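Please look over the sequence and the three-dimensional model shown here, and read the report below alongside them.

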Amino acid sequence: MIAVRKTEDRGHFDYGWLETYHTFSFGAYRDPDHMGFRSLRVINEDRVQPGQGFSTHPHKEMEIVSYVLDGALEHRDSLGNGSVIHAGEVQKMSAGTGVTHSEYNHSQTEIVHFLQIWILPERKGLEPSYEQRSFAEHERRDTLRLIASRDGGDGSVTIHQDVSIYLTVLDPGQQVVHRLSADRHAWVHVARGRVGLNGHGLAAGDGAAVSDEESLTIVGEEAAEVLLFDLA
């Protein structure tokens, strides 16, 4: 079973310095029918104007994964981390017992475009931690590249939940196949372009909840970038 969530059905706010889309309920956007999927709680697509950003704010008991599509995101946190996340890089922050951080557009001239993903942790009271990884385009092109996982395998960042996150950059006509175990589910999010998912057409910003499917075939209908979440 595949249930498609179209991009225009997402929550949308434009604050001038920030344009944001919410796949699931977040902040001022509340939709009781879309509170998350399995342990996946948030997918926010953010575009932040040059030099602007989120001032220091707290998080607790959440696994937070950020993926930069364009531009560069500057990060600072109460753990002592200060870094710049560039396009193609993944950041993971386990908020655990509590952490504060800030995020700003590192550029004074270009918009930063990124996805912020929240995943419910498998248990509370974790020690806060931080990781950052870069994945070259050739690692992501026309294949499913593991970027985040429970055990940090294959150079992925570690998340404290039974979730594996894959990323693919597809050329037109190319396809990837992912097999799901009988007790697994998936969420597919199209970051850019257009794809076919088991016969369903998905455009940029669209998502799809997947259950009771043996495999997923994602075909690039045009140049595309897609995230796939394999969830318990």
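## Aromatic pairs

In this predicted model, the structure holds 5 aromatic pairs. One of them joins Phe13 and Tyr15, whose rings are stacked, with 5.9 Å from centre to centre and 5 degrees between the planes. Phe13 has a relative accessible area of 22% and is therefore partly exposed, since buried residues lie under 20%. Tyr15, at 45% relative accessibility, also counts as partly exposed, because only values over 50% are classed as exposed.

Trp17 and Phe54 form another aromatic pair, and here the arrangement is edge-to-face, with the centres 5.3 Å apart and an angle of 75 degrees between the planes. This pair links distant parts of the chain, for Trp17 lies in the loop between strand S2 (11-14) and S3, while Phe54 belongs to strand S5, 37 residues apart. Trp17 counts as partly exposed, at 28% relative accessibility. One aromatic cluster is made up of Phe24, Phe37 and Trp187.

## The largest pocket

Phe54, a partner in the edge-to-face pair, appears again in the description of the largest pocket, which has a volume of about 220 Å³. This pocket is lined by 14 residues, and those closest to its centre are Leu18, Phe26, Asn44, Asp46 and Phe54. Two or more lining residues come from each of strand S3 (18-22), strand S4 (40-48), strand S5 (53-59) and strand S11 (112-119).

What is the make-up of the lining in terms of nonpolar, polar and charged residues? The lining of the largest pocket divides into 6 nonpolar, 6 polar and 2 charged residues.

## An open antiparallel sheet

Strand S5, which gives residues to the pocket lining, is also part of an open sheet of 4 strands, arranged in the order S5-S10-S7-S8 with antiparallel pairing. S5 and strand S8 (82-86) stand at the edges of this sheet, and because each has a single partner strand, one side of each is left without a neighbour in the sheet. From one strand to the next, the twist averages 20 degrees.

Within the sheet, strand S7 (residues 72-77) and strand S10 (residues 99-105) are paired in the antiparallel sense over 5 bridges. A point at which to inspect this part of the model is Leu73, which stands opposite Asn105 in S10.

Methods
Residues numbered from 1 in each chain as written. Predicted model: local features only at pLDDT ≥ 70, side-chain atom pairs only at ≥ 80, totals over all residues. Heavy atoms only, no water. 1 Å grid on protein atoms, 1.4 Å probe; cavity = no way out; pocket = protein on both sides within 12 Å on 5 of 7 lines; lining within 4 Å. Points joined across faces, edges and corners; volume = space filled by probe spheres on them. Nonpolar A, V, L, I, M, F, W, Y, C, P; charged D, E, K, R; others polar. Pairing = 2+ DSSP bridges. Axes fitted to C-alpha atoms, helices over the stretch in contact; angles between N-to-C directions. Phe/Tyr/Trp six-rings, centres within 6.5 Å; stacked < 30°, edge-to-face > 60°. Buried < 20%, exposed > 50% of the residue type's maximum accessible area, 1.4 Å probe, protein only.
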